[in-house]
Each structure stands twice: as C-alpha cells, then as structure tokens.
Amino acid sequence: DNHFVKIIIDDNKKIARIENYISELATTPMDIGAVIQELIEVRKRLFERGFDAKEFIERLFHDYKVVRKSEKIKEGEAISIRRITGRRGKNVKGFRVDEFSVDLSRLLEDGVTTTKNGYRLRLEQTKNTKQGIMLPGDHGYIGFIRFEK
C-alpha cells in the first residue's frame, strides 16, 4: 500500500505491530497466520470501504467553509488539514484520520476536484509530519487545503 501500512516485528516481546503514520492499528503475537489476519482486517477497513467522490468533496467543502468562517479566514485562503480532521473528529461518529487520508487520496485518483458550485480543491504539501497528513500513493504529506472559485 505504498508504505501506508507497515508491520513492525519486536523480537524481544515476540509481537508484531501493524501501524500507519498516525498510530498503532493492531498488535498480535508473532504468529504468521495471526499477523496476516490482522493485516487483512486493517486493509479491509482502510481500502475496501464504499466511496462516493462527489459526496466526499461536498462534505470536505462544507467543513472548509465552517472552519474558515469560525477562524475568520478569507474565502480561497488555505487552512490546516488538521483543522478539518479535528472538526470531523468532533462531529462525525467513528471518524478516523487514516480512513480520511485514504478517501482524500481516492478523491484525487478519481479526478474529482470541483464542487457542484464550481469551487476547486487545492492541496498544499508540508514537510512537517505533525502538521499534515500522509496520503497513500505518491501524494506526500498534505498540510493545507483551499477551495477557490
């Protein structure tokens, strides 16, 4: 999965950890069958969920507008992607940043970057791993988003 999910083996503790750049996803004894089963479950949760690109971009645009207005940021200016994920975490039951990252990557792969009202999504990268989120694929760390007319 382009290094989005990794397995860490701890020989001393005889465990395997499945992680992504955000957190530990699972811990299991170093039994190959158990590790594979956990990895299958993690991959299903991340990459085999249903996805509607048009619905996702509209919700993303709504979050952008709410955060922009609450922070008194001008239309079209960039805001931190972490502010979007923070808002979603408070308002969407079961929200997970790693699933959001996968969905944002899917949005880019589907080529859906414009809302129904004609606002175009722009993503800005960052080198600061605590400021941004990593997207699967070749998208790098995204630090900021903006929607422009």
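I take buried to mean under 20% relative accessible area, exposed over 50%, and partly exposed in between. With that cut-off fixed, I note that what I am reading is a predicted model, and I begin with a pair to which the cut-off applies, since both Asp 63 and Arg 88 are buried.

**Entry 1: the buried pair.** I looked up the contact between these two side chains and found that Asp 63 and Arg 88 meet in a salt bridge, at 2.4 Å from N to O. Asp 63 belongs to helix 2 and Arg 88 to helix 3, so the pair ties together parts that are 25 residues apart in sequence.

**Entry 2: overall layout.** I then stepped back to the chain, which has 4 helices and 7 strands, and I wrote down the order of its elements from the N terminus as β-β-β-α-α-β-α-α-β-β-β. The C-alpha trace spans about 55 × 30 × 30 Å along its principal axes, and of the 149 residues in the chain, 38% are buried.

**Entry 3: other salt bridges.** The structure holds 14 salt bridges, and I followed up several of them. Arg 146 forms one with Glu 124, where the closest N and O atoms are 2.4 Å apart; this pair links distant parts of the chain, Arg 146 being in strand 7 (residues 141-148) and Glu 124 in strand 5 (residues 120-125), 22 residues apart. Glu 124 is partly exposed, its relative accessible area being 26%. The side chains of Glu 19 and Arg 17 also meet in a salt bridge, at 3.0 Å from N to O, and here Glu 19 counts as buried because its relative accessibility is 15%, under the 20% limit. I also noted a network of salt bridges that links Arg 45, Arg 96, Asp 98 and Glu 99.

**Entry 4: the largest pocket.** Which residues lie closest to the centre of the largest pocket? The pocket has a volume of about 210 Å³, and of the 15 residues that line it, the closest to its centre are Arg 49, Phe 56, Arg 59, Arg 88 and Asp 103. Arg 88 is thus a name I had already met, in the salt bridge with Asp 63. The elements that give two or more residues to the lining are helix 2 (53-70) and helix 4 (97-110), and by class I recorded 5 nonpolar, 2 polar and 8 charged residues in that lining.

**Entry 5: backbone at two lysines.** Most residues other than glycine have a negative phi. I therefore set apart Lys 14, whose phi is positive at about 60 degrees although it is not a glycine, noting as background that negative values prevail. Lys 14 lies in the loop between strand 1 (6-10) and strand 2 (15-19) and is exposed, with a relative accessible area of 53%. Lys 72 has a positive phi too, of about 55 degrees; it is found in the loop between helix 2 and strand 4 (79-80), where it is exposed at 74% relative accessible area.

**Entry 6: surface.** Where on the surface did I find a nonpolar patch? Ile 7, Ile 9 and Met 30 form one, with about 250 Å² of accessible area together. Met 30 sits in the loop between strand 3 (24-29) and helix 1 (32-47) and is partly exposed, with a relative accessible area of 36%. From Ile 7 I checked the separation to Lys 93, 86 residues apart along the chain, and the C-alpha atoms are separated by 28 Å. Lys 93 lies in the loop between helix 3 (81-91) and helix 4, and at 87% relative accessibility Lys 93 counts as exposed.

Conventions
Residues numbered from 1 in each chain as written. Predicted model: local features only at pLDDT ≥ 70, side-chain atom pairs only at ≥ 80, totals over all residues. Heavy atoms only, no water. Patch = residues over 30% accessible without salt bridge, like charges linked within 9 Å, V, L, I, M, F, W, Y side chains within 5 Å. Areas by Shrake-Rupley, 256 points an atom, 1.4 Å probe, with all protein chains shown as cover. Salt bridge = Lys/Arg side-chain N within 4 Å of Asp/Glu carboxyl O. Buried < 20%, exposed > 50% of the residue type's maximum accessible area, 1.4 Å probe, protein only. 1 Å grid on protein atoms, 1.4 Å probe; cavity = no way out; pocket = protein on both sides within 12 Å on 5 of 7 lines; lining within 4 Å. Points joined across faces, edges and corners; volume = space filled by probe spheres on them. Nonpolar A, V, L, I, M, F, W, Y, C, P; charged D, E, K, R; others polar.
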